[in-house]
Amino acid sequence: MAKQPGGIIDVPCPNSLEFQDLARFAVDDYNHKHPDSNGLLEFGKVLNVQQQVVDGYMYYITLEATKNGKKKEYEAKIWVKKWEDFKKVVEFNLVGDDGPKPAGGIIDLSCENNLEFQDLARFAVHEYNKNKNSALEFVNVLGVKEQIVAGIMYYITLEATDGGKKKKYEAKIWVKKWEDFKKVVEFNLAGDDGPKPGGIIDVPCPNNLEFQDLARFAVNDYNKKKNSALEFVNVLGVKEQIVDGIMYYITLEATDGGKKKKYEAKIWVKKWEDFKKVVEFNLVGDDGPKPGGIIDVSCENNLEFQDLARFAVDDYNHKHPNSALEFVNVLGVKEQIVDGIMYYITLEATDGGKKKKYEAKIWVKKWEDFKKVVEFNLVGDDGPKPGGIIDVSCENNLEFQDLARFAVDDYNHKHPNSVLEFVNVLGVKEQIVDGIMYYITLEATDGGKKKKYEAKIWVKEWEKFKEVQQFKQLLGDE
């Protein structure tokens with residue numbers, strides 16, 4: 001049974017030198033992880049301190065810091081084990097930022113073969129064997145990365161044998177040492193580029209308090225969004241699926257005007273971020289078209305959405321050098337749960353001094369510090385709106401090589417007598433569609449002879465989707 005963490009208590013002397021030093025350490029750590037050409041945070045003073053006994057101490061420090069002369073309040077969560085001379089910033093956030101917090105950056109660890117990581121890798125293999133009725137045998141650790149979440153997320157690349165044959169696997173393991181807690185979040189064969197969502201499995205104890213609380217949360221969320229008055233009765237069944245976190249599929253009973261009905265709730269949970277979101281909530285047997293999870297966001301003018309809108313405008317200007325749009329304000333925001341969140345932002349910007357309205361579709365995965373503009377269009381432009389085809393200068397990065405290999409393998413699979421072998425990427429163009437269409441010029445050998453080909457590949461990363469639309473040998477390449 002996991003050890004219970006100690007209660008969080010106030011510290012009577014928050015402005016001692018010890019806590020000032022910890023606060024400075026947190027500010028310096030933030031500056032190091034988030035370099036900003038517009039200036040760095042400068043520590044001002046400590047406002048409050050709380051502490052919690054974990055495996056060591058977890059300090060919750062509220063502090064004041066300035067950036068470019070402007071004072072703001074921040075909250076730092078710092079894990080300290082004095083007997084090991086150990087301290088680590090677990091979270092650092094602006095006070096009042098109630099949105100889902102981005103996780104810390106993913107960093108490489110050089111000491112991948114120490115005993116701790118070998119034990120974690122063995123644990124991941126053991127869990128996989130138990131869940132899949134498999135018989136993998138751990139061999140060794142090949143690499144380790146870590147990410148600060150509510151605890152630490154380890155990304156371990158390992159080698160294991162499957163039926164005596166060595167294969168490479170990637171395990172994502174969530175650890176909270178102060179609670180003696182560890183959980184395998186993902187476990188995949190390395191190089192498996194197909195869709196890798198975890199299988200949906202039944203949960204044996206659906207009526208425990210955790211699932212009842214999640215079901216109540218889903219019912220309350222539905223009532224709030226629909227101005228309804230459903231009353232939760234009980235949980236009938238639970239399934240779960242490993243995604244980036246866990247997707248719970250809860251079948252529940254609730255009363256509607258005193259009449260019992262059955263509902264299905266799909267709830268996305270990332271415990272390490274204290275994050276949960278109802279993705280779908282439907283009456284069982286309602287097979288009508290579902291809204292697709294796109295919902296209005298009421299706080300469209302907060303700083304996060306303004307920053308995303310500016311990012312979209314800057315991205316458009318960068319891709320269209322003759323453009324000089326200037327962001328004005330956000331008019332509306334919708335969001336959709338994908339692999340991350342897809343934001344649909346309606347914004348106002350000036351074009352040559354004239355105000356115009358635009359719609360930006362921006363894909364965000366905060367836990368990877370990732371954001372990408374998927375579409376950017378002038379509102380009211382009802383003609384065909386495929387994005388312009390533009391050259392990509394970094395054509396030889398690993399992403400494009402992997403896409404080119406995927407296209408060659410796809411061609412060989414569709415043409416069993418073909419044995420093309422990928423050589424290298426010669427050029428890449430991209431076009432914004434519903435996702436991105438890549439036009440990759442590549443070199444491959446056919447019977448030992450080098451030839452040039454062009455592949456047209458449609459990618460929607462947020463759906464883990466890619467499809468070869470066209471693959472042809474370039475004319476005149478005999």
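Begin by selecting alanine 215: leaving aside its neighbours within four places in sequence, this residue is in contact with Phe232, Val235, Ile250 and Leu252. The structure on display is a predicted model, and this tour visits three places in it.

**First stop: alanine 215**

Colour helix H3, residues 209–226, and alanine 215 will be found within it. Is alanine 215 buried or exposed? Its relative accessibility is 0%, and because buried means under 20%, alanine 215 counts as buried. Next, add valine 278 to the selection. Alanine 215 and valine 278 are 63 residues apart in sequence, while their C-alpha atoms are 9.8 Å apart in space.

**Second stop: lysine 77**

Now select strand S4, residues 70–81, and pick out lysine 77 in that strand. Lysine 77 is buried, yet it has no salt bridge. Which side chain of opposite charge is nearest to lysine 77? That side chain belongs to glutamate 91, at a distance of 4.2 Å. A salt bridge needs the side-chain nitrogen within 4 Å of a carboxyl oxygen, so the pair with glutamate 91, 4.2 Å away, is not counted as one. To see the surroundings, display the residues that lysine 77 touches, not counting those up to four places away in sequence: Met58, Tyr59, Tyr60, Lys88, Val89, Val90 and Glu91.

**Third stop: a sheet and the helix upon it**

Select strands S16, S17, S18, S19 and S20. In that order they form an open sheet of 5 strands with antiparallel pairing. The edge strands are S16 and S20, each of which pairs on one side only. From one strand to the next, the twist averages 25 degrees.

Zoom in on the pair S16 and S17, which run antiparallel and are joined by 4 bridges. Here aspartate 296 stands opposite lysine 334 in S17.

Then add helix H4. This helix packs on the sheet and touches S16, S17, S18, S19 and S20, and its direction makes about 70 degrees with that of S20. Which residues of H4 are buried? They are Phe305, Gln306, Leu308, Ala309, Ala312, Val313, Asp315 and Asn317. The strands against which these buried residues pack are S16 (294–297), S17 (326–338), S18 (340–351), S19 (354–365) and S20 (370–378).

Finally, examine the length of H4, residues 303–319. At 1.5 Å a residue, its 17 residues should span 24 Å. The C-alpha atoms at the two ends are 24 Å apart, which agrees with that expectation.

Technical notes: Residues are numbered from 1 along each chain as its sequence is written. This is a predicted model: local features need pLDDT of at least 70, side-chain atom pairs count only at pLDDT 80 or more; totals for chains, interfaces and linings use all residues. Side-chain values use heavy atoms; hydrogens and water are left out. Buried means under 20% relative accessible area, exposed over 50%, partly exposed in between (1.4 Å probe, protein chains only). Lys and Arg count as positive and Asp and Glu as negative; His and the chain ends are not counted. Contact means heavy atoms within 4.5 Å. The expected span of a helix is 1.5 Å times one less than its number of residues. Two strands pair if DSSP finds at least two bridges between them. Axes are lines fitted to C-alpha atoms, for helices over the stretch in contact, and angles run from 0 to 180 degrees between N-to-C directions.
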